[in-house]
Amino acid sequence: MAQVYLPERSEAQVRPPRGPIQTRRQNDATPTQGQRPGFADAIVIIALIGAVALLVTAASRWTAEQNPAIHISLQPIYLPLYAGLSLLRMMLAYLLSLAFTLIYGHIAATNRTARRFMVPILDILQSIPILSFLPGVVLALVAIFPHSNIGIEMAAVILIFTSQAWNMTFSYYHSARTLPVELREAAMVYRLSPWRRFIRLEIPFAMIGLVWNSMMSWAGGWFFLMAAEQLQLGNRSFQLPGLGSYLQIAANAGNGGALLLGLFTLVVLIVLLDVVFWRPLVAWSDKFKFESVRSTEAPESPILDLLRRSTIIEWFSLHAAQPGSEWINRQIDRIFHNQSASMPSDESTPAPITYKTVIGWGIGGIIAVLAMIGCLLALHALAQISLLTWGTLGVDGFFTLMRTVLAMTIAVLWTVPVGVKIGMSPTWSRRLQPIVQVVASIPATAFFPVLLIVLFKLPTGVGINIAAIALMLLGTQWYVLFNVIAGAMSIPSDLREAADIYRVSGWRRWRTLILPAIFPYLVTGLITASGGAWNASIVAEVVQYNDKTIATPGLGSAIAQAAANNTPSILLASTLVMAFIVVFINRMVWRRLYQIAERRYTLG
Amino acid sequence: MSLSSKVTKMQQPTHSPAVLLEATHVRKMYGDEKRTKHGEIQGVLVLDDVSLQIREGEFVAILGPSGSGKSTLLRILSGLIHPTAGTVRYRDALVMGPDPHLAIVFQTFALFPWLTVLENVELGLEAQDLTRTQRTKRALAAIDTIGLDGFEDAYPKELSGGMRQRVGFARALVVEPELLFMDEPFSALDVLTAENLRTELLRLWREGRIPTKAILMVTHNIEEAVQMADRLVVMGHDPGCIRAILNGVPLADRLAKTPAHEHLVDLVYTIITQPDEDAGTIMAAQDGRKEQPVGPTATPKPSGRGYQSLPHIKIGAVNGLAERVQRHDGREDLAVLGRELQMELDDILPLVEAVELLGFGEAMEGDLILTDAGRRLAEGDELQDKEIFREQVLSNVELIRQMKEALDRAEDHEIQEDQILEQLEEYFSPDEARRQFETAVDWARYAELFAYDGASGLLYLEDAAPTSTQ
Ligand SMILES: Nc1ncnc2c1ncn2[C@@H]1O[C@H](COP(=O)(O)OP(=O)(O)OP(=O)(O)O)[C@@H](O)[C@H]1O
Ligand SMILES: [Mg+2]
């Protein structure tokens, strides 16, 4: 759901609490030899045992006899297991997203021919909501693994993947395309093989953006967890043991206690992940920042320091990881032996025809044929759709558009003053940013049912509409807030002082100083948020509560219902309409605003 | 005593050293896709017919104004980019890509910020089939040679500029290159650090402590080139070409400021500041010496653009320069000027160009001589300066005159910037067109000829639309 066109701009957002200048790095990087195993090692061992136990449990479940709709117990005792299983799904999906990102992003960035197709395709993919992938993915995988649960599990993982991958890929592609010229040349002069260039230059350079987008992707994944663990496909329904199902079942049963408990578990899980995973990762990735002087406020993480002190990890790195990666690099270099660095392909001279080009064209040809078949099938399906249905979908699109516009307006109205307040005050931004980050990654879908208890007291039509807009808002306002904070923080202090001296205050201060300064950031945030709002419409416009399903007309509910009723042609049509609208708005509104922002209002 | 006879004496061993690298009739066009309004395909010719040999044991310096294609030539010679026409041969083999016997030191250091000093140096060896221990050992040795001991585990951003460039050198030297290329290696460093690093490099090179057989350096610093190089290649622009190849001064004269040293510095200044003169003529004219350039000289062809190109200089600098020269009785040696103001070619040339273009002075025989207008400018107060400047701009700067005329003609005395930019883009790349436009606006605003509103991109005559100023 998250879309980011310029990850660099958002970097300021990921900065966890600042501390004093890191002076211990040298010691930390090379821990003193012969340290006794200590506290750090104990933690590492416990974490390993926990991970293995979870994997074994999960594996036994996957290979068990197929049971598409497993019973979910609302007993609190099962919550840790469900949380673990959901976490595992999220991780698998994330790994899949990462692999996809690196491969797709790399090819799109380095192959000129492929780029022409791959980038627009990515643009469209990210405008397609998760439920549109549902029937294809689930039916195919269940057909491949008819007897075990693995098919359904994989389907859930892939569905989560579709909510995580695209923004990461965009970020990676963008970084790989903007590698600094002199580093590219250095890599060429020292004749790094394509593989080593990839791991020494491309990935490190993309790292900061990748980490930031990974955090956004996880938030997106949690948001759609419930949709991915509980699938309705025509008369077949699938249900996987996990936190998402638990919350959904609790909501359906109207069991407020269980709902709150599930919610609490989710929050704990997210906070824990933030502390033991994202903070260390962000602190570690700080070394990839492309800057020539070290910033005085490097992110810190106690957990990372702890890991760096662990003897087990040190031993592993020294005796397994380093020789292992060296060996792998060698093998890969050997396989692609004859492809050492040559002159850049972007030069005007035509590249000589190698077996690589032939293979490339071969793959391209196969993909083209498959795409053609797909298009024919799609056309066939679309031909069955009456004009009336198209008209209805158009009207639905208009409703959803109105809802996203409203959600964005509300988001801007509250985030701009609040974000500016936070961003302009160093104390507040230091205190609040980490909290806001965690709050933002708690999926609104999870506490949505709680909200519904209140909203359903209102007349149905009003309640669901407020609920839909609220959910869109809850899911996406954070991107706007983050960006506004970053924008306000970026206002140079001399400008603010000048404004103080000349007594520019009130509305004039906003008009001459603050609004122009945050404008590019605001636009960046809104691009992400509006894309997210469209994607969120599929869960916002249809609501299940107390065994009732309530829907309000809109493109999101059209897609959700088409998926649930298993009517592929309508699903296809509604998805196309949504993709068209989203891409159209991106091109016609956001890109232009963004260009204006870049041209007119960039400071410095 | 003739300089060249001295040079020839010391540079003429019993047999001529082997040619390591040879470029023949190299041409380079950029941006072949750019189309003009009339639809014809127009590329920018960056290098025109450049031929150059680099021999074993030589230190060659390439000098020239900004944009004369020095970096481009260096990258073509190193195999980083293809020439559009012509060939580059390394020991008689056609260069098709970066050669394992070659290393480059970059102006911006080009260090990988996420790798430690040691890892950065090891990077140079990654393409070679070495074990990890061998690699580390050689890297440590290089780090040792270049004086980086104790910084192995530091990250580049923890180092000062000088130390960072040492890492750049270590990374280059660790591959034991036969050819060492450097693109303005010292220009990002402060004066003393640069001097220090230069001396150390020269020592390693002259004492044969590095296996490098030839060094090629691009620089903006004439003193530096004379101090270091055995041969100086002077390039000119529009299109980039080699204007002269000069022999360096004997080793003994390099560090001390001997007459031979001074003379060569002067000569290079003279050639570079007179882009429209034939380099051979200039050399012949200097003190009536009969010396000939050792390489081919080229008479610059009439500017390829067909449109006056403005140097991007702020007015204050022109004024300041005029005042300074005036204090020296209206004539000052450019070499001295450069040394005292610590300006390298890329700073001083555009300035001299602006002074000449505006008719405030003339570069002659390596000196800058003020004209009448120049003297008046130097002596006038703020108001008079503006007056003089306005006159000179209108009579000398084609672009500003055209803009003013267009404004006078226009109905509301307003025109859109796009109109001017479009016209400029027939002669310049879009970026350069923008810069040309901005320089013109800057000058015209100072001369109070017309005003410009950046937000709307509107040019207007001040009195015609006084309200729209913000
Ligand atoms: N990739 C490119 N595409 C288009 N034009 C280019 C490119 N690289 C360089 N040029 C143009 O080629 C000309 C020569 O550039 P080059 O960098 O070789 O000059 P230079 O002599 O090294 O200048 P400087 O002294 O400023 O480093 C310039 O006008 C520049 O604008
Ligand atoms: Mg250059």
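# Helix packing, ligand shell and loops

Biologist: Which elements of chain B are included in what covers the buried residues of α16(B)?

Modeller: The model is a predicted one, and within it α16 of chain B comprises residues 398-409. The cover over its buried residues comes from elsewhere in chain B and includes α15 (382-396), β14 (414-416), α17 (417-424), α18 (430-446) and β16 (458-460).

Biologist: Within what arc do the buried residues of α16(B) fall, seen down the axis of the helix?

Modeller: The residues to consider are L399(B), I400(B), M403(B), K404(B), A406(B) and L407(B), which are the buried residues of α16(B). They line one face of the helix, because the view down its axis places them within an arc of 160°.

Biologist: How many Å apart are the end C-alpha atoms of α16(B)?

Modeller: The expected span of a helix takes one less than its number of residues, multiplied by 1.5 Å. For the 12 residues of α16(B) that expectation is 16 Å, and the model agrees with it, since the end C-alpha atoms are separated by 16 Å.

Biologist: Why does H413(B) count as partly exposed?

Modeller: H413(B) sits in the loop that runs between α16 and β14 of chain B, and its phi is near 55°, a positive value in a residue other than glycine. Partly exposed is the class between the limits of 20% and 50% in relative accessible area. H413(B) therefore belongs to that class, with a relative accessible area of 26%.

Biologist: Which residue lies in the loop between β12 (361-364) and β13 (367-370) of chain B, with a positive phi near 50°?

Modeller: The residue in question is not glycine, although its phi is positive and near 50°. The residue placed in the loop between those strands of chain B is E365(B).

Biologist: Which helix of chain B gives the most to the shell around ligand 1?

Modeller: The residues that surround ligand 1 include Y30(B), V46(B), E184(B) and H220(B), and also K70(B), S71(B) and T72(B). With 3 residues in the shell, the helix that gives the most is the one formed by residues 70-77 of chain B, namely α2.

Biologist: What percentage of the accessible area that ligand 1 has on its own does the protein cover?

Modeller: Oxygen atoms of the ligand approach polar atoms of the protein: one is 2.9 Å from a polar backbone atom of G67(B), while one is 2.8 Å from an N or O atom in the side chain of K70(B). At H220(B), an N or O atom of the side chain is 2.7 Å from an oxygen atom of ligand 1. Of the 630 Å² of accessible area that ligand 1 has on its own, the share covered by the protein is 56%.

Biologist: What percentage of the residues of chain B count as buried?

Modeller: Chain B contains 18 helices and 16 strands, and among its contacts between residues at least 6 apart in sequence, 70% join residues at least 24 apart. Over the 470 residues of the chain, the proportion that count as buried is 55%.

Biologist: What share of the accessible surface of chain A belongs to carbon and sulfur atoms?

Modeller: Chain A has 23 helices and 4 strands, and buried residues make up 51% of its 604 residues. Its accessible surface comes to about 27,900 Å², and the part belonging to carbon and sulfur atoms is 70%.

Biologist: Is T552(A) buried or exposed?

Modeller: T552(A) is found in the loop between β4 (548-551) and α22 (555-564) of chain A. Leaving out residues up to four places away in sequence, T552(A) touches R403(A), I464(A), N465(A), E541(A) and S557(A). Its relative accessibility is 5%, and so T552(A) counts as buried.

Biologist: How many Å separate the C-alpha atoms of V504(A) and V543(A)?

Modeller: V504(A) is found in the loop between α20 (493-501) and α21 (506-540) of chain A, and it counts as buried at 13% relative accessibility. V504(A) and V543(A) are 39 residues apart along the chain, and the separation of their C-alpha atoms is 49 Å.

Biologist: What is the C-alpha separation of G254(A) and V450(A)?

Modeller: G254(A) has its place in the loop between α11 (243-252) and α12 (256-285) of chain A, where its 36% relative accessibility makes it partly exposed. G254(A) and V450(A) are 196 residues apart along the chain, whereas their C-alpha atoms are separated by 9.6 Å.

Key: Residues numbered from 1 in each chain as written. Chains lettered and ligands numbered in written order. Predicted model: local features only at pLDDT ≥ 70, side-chain atom pairs only at ≥ 80, totals over all residues. Heavy atoms only, no water. Helix = DSSP H or I, 4+ residues; strand = E, 2+ residues; numbered from the N terminus. Buried < 20%, exposed > 50% of the residue type's maximum accessible area, 1.4 Å probe, protein only. Arc of directions from axis to C-beta. Contact = heavy atoms within 4.5 Å. Near = heavy atom within 4 Å. Polar contact = N/O pair within 3.5 Å; in protein donor to acceptor, adjacent residues only side chain to side chain. Areas by Shrake-Rupley, 256 points an atom, 1.4 Å probe, with all protein chains shown as cover.
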